[in-house]
Amino acid sequence: MPRSRSARVAVLGSVQRRATSSTPSRTNPAVRRRIVATALVLTSLLLLTVYFRESSSGSLHGVQNAGASVLKPFEAAAERIARPFRDTAGWFGDVLGAKSENAKLRKQLDEERRKAIQAAVNARENEQLRRLLAFVDSARFPAGYRYVATRIISRAPSEFEQQVGIAAGASSGILNHDPVVTEDGLVGQVTKVADNVAQVTLLTDETSAVSGLDYRTHADGIVQHGVSGDSLELDRVTKDQVVEKGDVVVTAGWRSKRFASIYPRGIPICKATSVSQVDTNLYKQVQCEPFVNFSSLEVVAVLVPKGR
Amino acid sequence: MPGFDVTKTAALVFFAAIAEVSIFPGLHLLGGHPNVLLLTLVSIALLRGSIYGAAAGFGAGLVVDTANLETLGLSSLLLTLAGYWIGRYGETTGRDRTHAPFLSVAVVTAVYAVGALALRFLLGEPAPARAVLLDTLFPNIFLNLLLTWPVYTLSRRLLPFQIPERTREVHLLGQ
């Protein structure tokens, strides 16, 4: 017998299949495994089918209810044991959630606050525009003029310059020296014009001067800036003219052969707050309070002659 | 099967199932919640083989369905198949592999979710596919993977590793 063959016989020739016993599940793990798995799957399917087909008062439902009753104490005990841990975890979760929710709510609050401010601004602007519209539609509005309603877009950076910027300019027909008013009274005049913006010099500026007229007594003078920032003064009122405290001063609107006032007649300017005279002075000292609140100006109307 | 081993396995499955139905449903982390029962089942099946796995899955499913008053047999069917498959994997390819528990957990979590969804759909029960497959599946896999090692270690301490008997097709001389 060749050597190789003897070796082959030594290994392969002696292969012996284990004797198959009469009970495969005891001796063959693979078979046993398959039997167990198949039995369990079939049992599951059987349970599933019966449970699904029977009514809620069926036997399997009854068994399940009884089983649930048996399991209930275990569940309650487990829940009770786990509650402190779950509460602790929940507390940390709540803290984290509260932090993120807090950030979200803060953002939402900022957004709502911004909207509320915008709404308030819009409402105030709307109210001012309504009042301005009521003014331009009324008989008080000077004849021979049309108006350009516009917003104040800038203010003078210092107290020395009583000027504001408006959001309308030459493209709207505005020129230098056009009067600017609100429904309360005279604001000033346009002193610089660009295409879409213009500069308005207020009555309270040192360079401003308007011919004024006492509405009641027809005493005339020149309205100029007063001693304090927002006050005015009716100057050049001779002592023979009568001006009393509380009198309303309006624009004189004079016209001569060669010249005419840039302001139309009858626009309210201010109300006299004090009247005095001294022997050493040729004129009366009339302090007055402007009708326009220059510090809260937002919407104005520029008066543009209709013939332009 | 040694009797004590069966008792320990049954107790482990029972308490894992009770914990699963009473503690973990209220514990939502990162958009999902861990399935401790599945982790325990994976551990048992890897440590004890496919027969233990299938039996443990069947028993666990019965407890879960009974406690939750759900369709009896639904969880049993899924967990039986899961336990059997993981057991077979542990007996063959996954034998002595360190990554076997993690791979098993990741795969079985996904397969269990899809299987439960499909069975519920077939039974006409609510089957929110989007919630199961998109919203919670990945957080669930992640959380299960996080808990795999502790649960597997605990299970291994309770059920010391026993090499399942190899299927012998050849008997060598002298044995």
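**Exercise 1. The A–B contact**

Task: In this predicted model, work out how many residues of chain B are in contact with chain A, and which elements of chain B supply them.

Solution:
- Start with the count. Contact here asks for C-beta atoms within 7 Å, and on that test 31 residues of chain B meet 29 residues of chain A.
- Next, sort chain B's side by element. Helix 1 (3-22), helix 3 (50-68) and helix 4 of chain B each give two or more residues.
- Now pick the top contributor: helix 3 of chain B gives the most, with 8 residues.
- Finish with the chemistry. Chain B's side of the contact splits into 20 nonpolar, 10 polar and 1 charged.

**Exercise 2. A helix from that contact**

Task: Take helix 4 of chain B and find what its end-to-end reach is and how many of its residues are buried.

Solution:
- Helix 4 of chain B covers residues 74-91, which makes 18 residues.
- From first C-alpha to last it reaches 26 Å, close to the 26 Å expected at 1.5 Å a residue.
- For burial, the cut-off is 20 or more other C-beta atoms within 10 Å. By that count, 17 of the 18 residues in helix 4 of chain B are buried, leaving the helix mostly covered.

**Exercise 3. Nonpolar cores**

Task: Find which residues touch the most other members of the largest nonpolar core, and which elements build this core.

Solution:
- The core holds 51 residues, and the ones touching the most other members are B:Ala17, B:Leu41, B:Val42, B:Ala60 and B:Ala82.
- Two or more residues each come from helix 3 (29-53) of chain A and, in chain B, from helix 1, helix 2 (36-48), helix 3, helix 4, helix 5 (100-123) and helix 6 (129-158).
- Helix 3 of chain B has the largest share, 11 residues.
- Zoom in on B:Ala60: leaving out residues up to four places away in sequence, B:Ala60 touches B:Val13, B:Ala16, B:Ala17, B:Leu37, B:Leu41 and B:Leu79.
- There's also a second, separate core of 40 residues, with A:Ala252, A:Ile267, A:Cys288 and A:Val299 among them.

**Exercise 4. Hairpins in chain A**

Task: Trace how strand 7 of chain A pairs with strand 6 and strand 8 of chain A.

Solution:
- Strand 6 (residues 210-214) and strand 7 (residues 220-225) of chain A pair antiparallel over 4 bridges. A:Gly212 sits opposite A:Gly221 of strand 7.
- These two strands make a hairpin with 5 residues between them, and A:His218 in the turn has a positive phi of about 65°.
- On to strand 8 (residues 232-238) of chain A: it runs antiparallel to strand 7 of chain A, joined by 4 bridges. A:Gln224 has A:Glu233 in strand 8 as its bridge partner.
- Here the hairpin connection between strand 7 and strand 8 of chain A goes through 6 residues.

Technical notes:
Residues are numbered from 1 along each chain as its sequence is written. Chains are lettered from A and ligands numbered from 1 in the order in which they are written. This is a predicted model: local features need pLDDT of at least 70, side-chain atom pairs count only at pLDDT 80 or more; totals for chains, interfaces and linings use all residues. The expected span of a helix is 1.5 Å times one less than its number of residues. A residue is buried if 20 or more other C-beta atoms lie within 10 Å of its own, exposed if 12 or fewer, and partly exposed in between; C-beta atoms are placed from the backbone. Two residues are in contact if their C-beta atoms, placed from the backbone, lie within 7 Å. Ala, Val, Leu, Ile, Met, Phe, Trp, Tyr, Cys and Pro count as nonpolar, Asp, Glu, Lys and Arg as charged, and the others, Gly among them, as polar. A nonpolar core is a set of buried Ala, Val, Leu, Ile, Met, Phe, Trp, Tyr and Cys residues joined through C-beta atoms within 7 Å. Two strands pair if DSSP finds at least two bridges between them.
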